[in-house]
Amino acid sequence: MSDDTWLLAAAGTHLKGAVAAARAAGGRVTVLAVGPRELADAAAAAAPDEVRWLETADDQPAEAWAAALAAEVAAAAPHVVLAPSDPASRTLLAAAAVPLGAALLTRVLTVRPQGDALVVDRSSLGGAVVETLTVHGPLAAVLEDADDAAPAAAPATVAPLAPAGAPAPMQVKREPLPGAAAGIRDAARVVSVGRGLRSKDDLALLDGLLAALGAELACSMPVADDLGWVPKERYVGRSGQHIAPRLYLALGISGMPQHLEGVRDAKVVAAVNNDPAAPIFRTADYGVVGDLYEVVPALVAALAE
């Protein structure tokens, strides 16, 4: 394993701050940029030692390449792999952490070498506390958004990348055509999201999971009716769709009776919620107490394996 640091980036925000954090972690800094040429140029302007660029098709999310890029990172065997906090970059990081056997941490502020170990400062309790950890072995870390300070070095050159493994075809539609209700009614697998999702933009976090499972997107009533993040044809519940998939995966849904009535015929109900007392755990066949922003990338990485 090398002493190098890699940064996986599928979005162009906070790259200069992220490269600065990578520089502090030690070793040679390589940015693996997955997306349009503009992203690669933004990564080069942040002045790492090297930029490797994978151009994706317009209709293909970066997460489609998670397994192939995980193999690319594993071959280089860096000691530290970092990612900005956007959902696509987090998914790539989670996939890369698996073959490296890396410890996976989120909300990381700084990483610095100390002898044979790494010292990690991370935000805790909503930013009220800075927690300091010592990590022995490889580390995969999601960075807190850092200020984009001007780089001290010249821009890097961009080297196009052609991974050995091609992604499976992926096509995720978040804005359905008429008849989408039939799509979730007939689907064998449905991933449903509730108020645990913080913003509409974060629906992108689900793209890789939906594609890996071959699932349809659904939601609880407030996400469709109150927030308008998902079309009303896709909400599940007493006054919404009644579905009977083989798998119903509820993310950030508390599990009120009016919602569960819509999935009472599902063969398997699985739930992810950060509240161990959430009512859905009384009904679910399987449950994970955790933050969907951490659990979903880990699921995508596991499915990629």
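Which residue in β12 does V190 stand opposite? In this predicted model, V190 faces Y248 of β12.

**The parallel sheet**

That pair belongs to the contact between strand β10 (residues 189-193) and strand β12 (residues 247-251), which pair in the parallel sense over 5 bridges. Further along, V193 stands opposite L251 in β12. L251 also has a counterpart in β13, where V272 stands opposite. Strands β12 and β13 run parallel and are joined by 5 bridges.

These strands are part of an open sheet of 5 strands, with parallel pairing and the order β11-β10-β12-β13-β14. The edge positions are taken by β11 (216-219) and β14 (286-289); each has a single partner strand, so one side of each is left without a neighbour in the sheet. From one strand to the next, the twist averages 20°.

Helix α9 (residues 292-304) packs on the sheet, where it touches β12, β13 (268-273) and β14. The direction of α9 makes about 145° with that of β12. Of the 5 residues of β12, 4 are buried, so this strand is largely enclosed by the rest of the structure.

**The second largest pocket**

Helix α9 also appears in the description of a pocket. The second largest pocket holds about 340 Å³ of space and is lined by 15 residues. Those that lie nearest its centre are S85, R90, R107, R198 and Y293. The elements that contribute two or more residues to this lining are α4 (87-100), β5 (103-114), β8 (139-143) and α9. By class, the lining comprises 9 charged, 4 nonpolar and 2 polar residues.

**Positive phi in two alanines**

Two loop residues have a positive phi although neither is a glycine. Their values are set out below.

| Residue | Phi | Loop | Relative accessible area |
|---|---|---|---|
| A47 | about 65° | between α2 (37-45) and β3 (50-54) | 5% |
| A77 | near 50° | between α3 (66-76) and β4 (80-83) | 19% |

Are these two residues buried or exposed? A47 is buried, with a relative accessible area of 5%. A77 also counts as buried, at 19% relative accessibility, because the class covers values under 20%.

Key: Residues numbered from 1 in each chain as written. Predicted model: local features only at pLDDT ≥ 70, side-chain atom pairs only at ≥ 80, totals over all residues. Heavy atoms only, no water. Pairing = 2+ DSSP bridges. Axes fitted to C-alpha atoms, helices over the stretch in contact; angles between N-to-C directions. Contact = heavy atoms within 4.5 Å. 1 Å grid on protein atoms, 1.4 Å probe; cavity = no way out; pocket = protein on both sides within 12 Å on 5 of 7 lines; lining within 4 Å. Points joined across faces, edges and corners; volume = space filled by probe spheres on them. Nonpolar A, V, L, I, M, F, W, Y, C, P; charged D, E, K, R; others polar. Buried < 20%, exposed > 50% of the residue type's maximum accessible area, 1.4 Å probe, protein only.
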